[in-house]
Amino acid sequence: MATVALALSVLQQEKQLSYKNYQHSFNKTREQILSTLRHPAGQLALLNPPADKEDEGLHPLLLPFSALDFDDQNKVQQAVAMSGCLVQYGSSGSLCLGIGNNPWAGGYIYVAGSFNSADLVAHQRGDESLVQAHRMQVSVSLRGQTYQWIAPFEKMTDAGKKSAGLRGRLTGFWSGEADKPNARPVKEFRGWIWQNANCNQAELDDQDRTCSKTSFYSLRLPIAIWQEALFEKKRPVWPPEDLDQIKVRIVVLAPDSNDTLFDSEKGTPTPPFSLKDLQSQLLPGETVRIRKLSGAKELVNLSGQVEQENDSWNALTRLIRRLPVDEYDTPLESRDQITTALDSYEIVLKGDLRSVSKSLAVVATRVSWFVGAMLLALFLTWLIMEISIIRKITVLTKRAASLSKTVKGTGGLQQFELGDLRGDDELGVLASCLHDLLRRVKEDVEREGIRAEQEKQMWHAVGHEIMSPLQSLMALHGTADDQSSRYIHRMQQAIRVLYGSASPSEAFQSTELQVTSIDIAAFLRHVADNAPCVGISQVEFNGNAELIMVRADDYSLEDVVTHVLRNADRYRLPGSSILIDLLSSETGVTIIIHNTGPHIAVDMLDKIFEYGVSDQQDSGANGNRGQGLFVAKTYMAKMGGTISAQNTHDGVSFVLSLQRAH
């Protein structure tokens, strides 16, 4: 039962741990999805949800920017890289088509991309033929209309150093009017092109060396239909509803020929990041749903791939589901909102705990084999022990039981004999060890009895020898006005406590004190004044004359304070004073006895109140048996108080607390 319970406990802990790990993974997936969608590339995917039917050809995307600063190469490259709109055409080039998210930006289509070619050949102004230069053919088809331009490369006179590469304009002409004399460029068509100075790859052909360089370009294509809509009274629909039906084609031609360096309709472009790509971030069984808040339109609903379950795990899975785990039945779901320039979107992510149960089923399978093997091993072990060991142990147990019943009687240890059970095996060794142990116990008991009897006899003799002189002293100094009478009474009380007792510690602990109400301030002042009488000088009491009554035994409390004063006198610096302070509260008083001197070791602060503990060598020979502070602690406890020692910055303080009398 314990083994099965242990296995279930392990599975429960594994389930709890797996659930916490899944919660962490779920939150991590949530953060990754939100971080992706908050990035400009994610904003681009939100603004351009996947269409139901994939159309052939490229169409402009709604950018997360109001417009592109197409005149600045660095800004354009940074914008298209961040938004992720750049579509790669293998090693031949790249292309990004987009419109701004602000309809008042002018109604343009922005084009940015790159292609590889030799050094660009520029079109000279005044030359009516455009064929001799690198040029770009651009066509836009929408709503039954087609806009076509041809844009030759024109080198800028202030292109800069040769090491910086070429820079120039792409001047746009209407395709049908480009070859006509005095053809005028389209004013709203703007374009720039920059070619790197470094070669991508150099190839040697005999003695000629050709160099392929990368050219980056940006275009602004004016769309008349959109620009005309800006002047209507009503707000234009933006983005255009037919945005996914707009066809744009970009073709780059070599000089003096119609050889194509780049064609957007050829090759297999790598599509930009889409909302469907979020599926790769989902764990098995998780679902994410994204909808637009304004129209409650669901953009995408994705699910993580779930592997086929093994039927052999069904029983273990049902067992795992019954194991209690905190918050396991609470469905994991998060709802977040992401705001773009045009709208807000709700992202709902739901978790699936089937993956937790499935992973635990694998662990449970291994644990089940382990538990079965352990149970079989336990059974075989019990069988072997029952046959070879337990029978002998039964005999040993019966004899030990008889010892426990007779050990308190006379000769109980002598009657316990284990000689017949000795041997070379483990049980025989155990019997031998027990026999030797009992022999040592017997010797220790005998020695302890002798020591206790000797100590008892010693204290009887001491009490008897001291009692007679005390009686004589009492006769000589028994009057009330004699100061010696108080100390003689204290000595008599101490002798009565010890006389006839088994040991000093038992005597002090069994003493009954006469607890009454005393004026603690007057008491402490009296003790400080009479301290020189017992050989303790320079004791100062710092207290006022206020009447403070406490519950204590007068003689016993004086013994306590005297023991502490003797201890302080023994360790104080020569010439220093012993200070007694009195603090009072509503329920009790605190007496602080402080001496300047060495500190007490930290590990000895509590041990010094134990009987027989002393830091002096040959303490017994010097009359110090280590019982003064033990007596102080015992008497304080019987009076309902406490005593403790603590190190201060310049010495040691003993703190005594007593209850006030009501």
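## Helix α3, two disulfides and a buried serine

Visitor: Which residue caps the N-terminal end of α3?
Guide: In this predicted model, the cap of α3 is recognised from a side-chain oxygen that lies 3.0 Å from the backbone nitrogen of Asn74. The residue that supplies this oxygen at the N-terminal end of α3 is Asp72.

Visitor: Where do the buried residues of α3 fall when the helix is seen down its axis?
Guide: Helix α3 spans residues 73-83, and its buried residues are Val76, Ala79, Val80 and Ser83. Seen down the axis of α3, these buried residues fall within an arc of 90°, so they line one face of the helix.

Visitor: Which exposed residues are carried by the face of α3 turned away from its buried side?
Guide: A residue counts as exposed when its relative accessible area is over 50%. On the face of α3 turned away from the buried side, the residues that are exposed are Asn74, Gln78 and Ala81.

Visitor: Which residue follows α3, and what is its phi near?
Guide: The helix is followed by Gly84, and the sign of phi at Gly84 is positive. The value for Gly84 is near 75°.

Visitor: How many disulfides does a search of the whole structure find, and what is the pairing in sequence order?
Guide: The search of the whole structure finds two disulfides. When the bonded cysteines of the chain are numbered in sequence order, the pairing is 1-2, 3-4.

Visitor: Why is the disulfide of Cys85 and Cys96 left-handed or right-handed, and how far apart in sequence are the parts tied together?
Guide: The sulfur atoms of Cys85 and Cys96 are 1.9 Å apart, and the torsion about their S-S bond is about -95°, so this disulfide is left-handed. Because Cys85 lies in the loop between α3 and β2 (87-88) while Cys96 lies in strand β3, the pair ties together parts whose separation in sequence is 11 residues.

Visitor: At what relative accessibility do Cys85 and Cys96 stand, and are they buried or exposed?
Guide: The cut-off for counting as buried is under 20% relative accessible area. Cys85 therefore counts as buried, at 2% relative accessibility, and Cys96 likewise counts as buried, at 1%.

Visitor: What parts of the chain does the pair of Cys199 and Cys211 link?
Guide: The sulfur atoms of Cys199 and Cys211 are 1.5 Å apart, and with -125° about the S-S bond their link is left-handed. The pair links distant parts of the chain, 12 residues apart: Cys199 in the loop between β9 (190-195) and β10 (201-205), and Cys211 in strand β11 (residues 208-222).

Visitor: Is Cys199 buried, partly exposed or exposed?
Guide: Partly exposed residues lie between the limits of 20% and 50%. Since the relative accessibility of Cys199 is 40%, Cys199 counts as partly exposed.

Visitor: How many bridges join β3 to β4, and which residue in β4 stands opposite Gly98?
Guide: Strands β3 (residues 93-99) and β4 run antiparallel and are joined by six bridges. Nine of the 10 residues of β4 (residues 108-117) are buried, so this strand is largely enclosed by the rest of the structure. The residue in β4 that stands opposite Gly98 is Tyr110.

Visitor: With which residue does the side chain of Ser653 make a polar contact?
Guide: Ser653 has its place in strand β24 (residues 651-659), and at 5% relative accessibility Ser653 counts as buried. Leaving aside residues up to four places away in sequence, Ser653 touches Ile592, Ile593, His594, Ser644, Ala645, Gln646 and Thr648. The side-chain polar contact of Ser653, at 2.8 Å, is with the side chain of His594.

Notes
Residues numbered from 1 in each chain as written. Predicted model: local features only at pLDDT ≥ 70, side-chain atom pairs only at ≥ 80, totals over all residues. Heavy atoms only, no water. Buried < 20%, exposed > 50% of the residue type's maximum accessible area, 1.4 Å probe, protein only. Helix = DSSP H or I, 4+ residues; strand = E, 2+ residues; numbered from the N terminus. Arc of directions from axis to C-beta. Polar contact = N/O pair within 3.5 Å; in protein donor to acceptor, adjacent residues only side chain to side chain. Contact = heavy atoms within 4.5 Å. Pairing = 2+ DSSP bridges. Disulfide = S-S within 2.5 Å.
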